[in-house]
Amino acid sequence: MQGLAAGSDSFNWLFVDLNAYFASVEQQDRPELRGKPVAVVQVMTPNTVCIAASYQAKPFGVKTGVKVRDAQKLCPELTLILARPRLYVEYHHRILEAIETCLPIDEVLSIDEAACRLVGSQRQEAKARALALGVKRAVRGVGEVLTCSVGLAPNRYLAKVASDMHKPDGLTLLRHADLPQALFGLKPGDLPGIGARTEARLKAKGLHTVEQLCALTRPQLGQLNGVWGERLWHWLRGEDFDAPSSGRHSIGRQHVLPPESRSRDAALAIARKLLDSAAAELRKQELWARGLGVAVKFLGDRPAFRAERRIDDCRDSFVFQDLLTRLWSACPPHKPLLVSVWLADVTESSQRTPGLFEETPAKSTRASEAMDTLNRRFGAGTLYPASLHDSRTAARRGIAFRKVPDLDQF
């Protein structure tokens, strides 16, 4: 485990990043996989991508996003594992409980990341380090194969950066007195929020290192990246503040189609199931949607299909399914590879005024809510609209890194 240059500062945040999470859980659950190169996939097809890779696979160039076909060429000994989302969620909750035996979690950022705000004497370096080591032991207590990298820093953004600096099983301290110089060895793409396109745009302007970014003034960085760029200027210097939340704007689902489901009709059946799942979550969160969309990516170089429609405030599965059917009628008859659906512009309160002869709520909305109640009590899929009958065993519930599904959704 490594830290940075000496100094005496308070640490406001502790960030936990689980290492190679999906692959590590598989190795924990299946001892015969330990010490071997492993990749987790959503479907067993050479055209899909790896969603996780063990540290034994990474030296071969196998990592998240690499096509299975390419991964097998890079590492002939690679073992492919079909993803088991429910297992990952079960371990996720056990790990959160373990972390909270050490200190409270301020926010769960994803299925493999959590941030803890340090208070009072916890901010002192010796105590912050002791807490970090305690968290690492607690995670190992859930499973001997499970490790995490921990970052300590003056703000949450830099604590996340620190957690990425030494993997696996690292502990990195970014002290206020060492900033921003302690970051000068990083590239812009190492910073959260700077993706491949933004990094390419920065390189085109001659900005290849974080040191060059830090040499810019706050207005200059703002000109490059708007309001976020100005916030970044402050974050890189250790200032602790939370970015304003933009709120939740959509609830979506997507699914890579296995070879046997790569037809227009099969893709629609899966889109229906995905939409039903999104609608159930909408109602569980007591939200309303003001839009619905669907997108399809096709095999080859054919352009993707995308359609979206504005609607009055709605949480009714039957209305959603009817609208999906109408949007789907414009979908080209090409061979689909991936289907996505989303409920857009979600809101906490409905501003819709029912018509004079309209029931409040409508019978179909009440039917949707009744199905939710029965499915929570007796298990997902106990009751479903007739339109979902042909797809009830398709599109297994997957994992979205940012939104961890509840166990009752499986």
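A residue counts as buried when its relative accessible area is under 20%, as exposed when that area is over 50%, and as partly exposed in between. The legends below use these words in this sense and describe a predicted model.

**View A. Overall content of the chain.** The chain contains 11 helices and 12 strands. Its length is 410 residues, of which 48% count as buried. Among contacts with a separation of 6 or more, 67% are made by residues 24 or more positions apart.

**View B. Strand β7 and its two faces.** All of the side chains named here are buried, on either side of the strand: C148, V150 and L152 point one way from β7, whereas S149, G151 and A153 point the other way. In a regular strand, side chains alternate between the two faces of the sheet. Because 6 of the 6 residues of β7 are buried, the strand is largely enclosed by the rest of the structure.

**View C. Strand partners of β7.** Strand β1 (residues 13–18) pairs with β7 in the antiparallel sense, over 6 bridges. Within this pairing, S149 of β7 is the bridge partner of D17. Strand β8 (residues 171–173) runs parallel to β7 and is joined to it by 3 bridges. In β8, T172 stands opposite G151. Helix α5 (residues 156–165) completes a β-α-β unit with β7 and β8, and this unit is left-handed.

**View D. Surroundings of T147, in the loop between α4 (125–142) and β7 (148–153)**. T147 has a relative accessibility of 13% and therefore counts as buried. A polar contact of 2.8 Å connects the side chain of T147 with the side chain of N19. When residues up to four places away in sequence are set aside, T147 touches L18, N19, V139, R140, P168 and D169.

**View E. Packing of helix α1.** Helix α1 is mostly covered, with 8 of its 9 residues buried. The buried residues are Y21, F22, A23, S24, V25, E26, Q27 and Q28. These buried residues pack against four strands and a helix, namely β1, β2 (38–41), β3 (50–53), β4 (79–82) and α3.

**View F. Aromatic pairs.** The structure holds 5 aromatic pairs. One of them is the stacked pair of F22 and Y88, with 4.6 Å from centre to centre and 10° between the planes. This pair links distant parts of the chain, since F22 belongs to helix α1 (residues 21–29) and Y88 to helix α3 (residues 85–99), 66 residues apart. F22 counts as buried because its relative accessibility is 2%, and Y88 is buried with a relative accessible area of 0%. A second example is the pair of W228 and W235: the ring centres are 6.2 Å apart and the planes meet at 70°, so the pair is edge-to-face. W228 is partly exposed at a relative accessible area of 22%, whereas W235 is buried at 7%. Elsewhere, ring pairs join Y21, F22 and Y88 into a cluster.

**View G. Charged groups over aromatic rings.** K58 places its charged end over the ring of Y55, at 5.3 Å from the ring centre. R315 lies over the face of W288, and the distance to that ring centre is 4.1 Å.

**View H. Strand β9 and its pairing with β12.** The side chains of β9 alternate along the strand: I251, R253 and H255 point to one face and are buried, while S250, G252, Q254 and V256 point to the other face and are not buried. Strand β12 (residues 336–344) runs antiparallel to β9, and 7 bridges join the two. In β12, S340 stands opposite Q254.

**View I. P258, in the loop between β9 (250–256) and α9 (264–284)**. P258 has a relative accessibility of 13%, so it counts as buried. In sequence P258 and Q42 are separated by 216 residues, yet in space they are 9.1 Å apart, C-alpha to C-alpha.

Definitions and conventions. Residues numbered from 1 in each chain as written. Predicted model: local features only at pLDDT ≥ 70, side-chain atom pairs only at ≥ 80, totals over all residues. Heavy atoms only, no water. Phe/Tyr/Trp six-rings, centres within 6.5 Å; stacked < 30°, edge-to-face > 60°. Buried < 20%, exposed > 50% of the residue type's maximum accessible area, 1.4 Å probe, protein only. Lys NZ or Arg CZ within 6 Å of the ring centre and 35° of its normal. Polar contact = N/O pair within 3.5 Å; in protein donor to acceptor, adjacent residues only side chain to side chain. Contact = heavy atoms within 4.5 Å. Pairing = 2+ DSSP bridges. Right-handed = clockwise from strand over helix to strand, strands pointing away.
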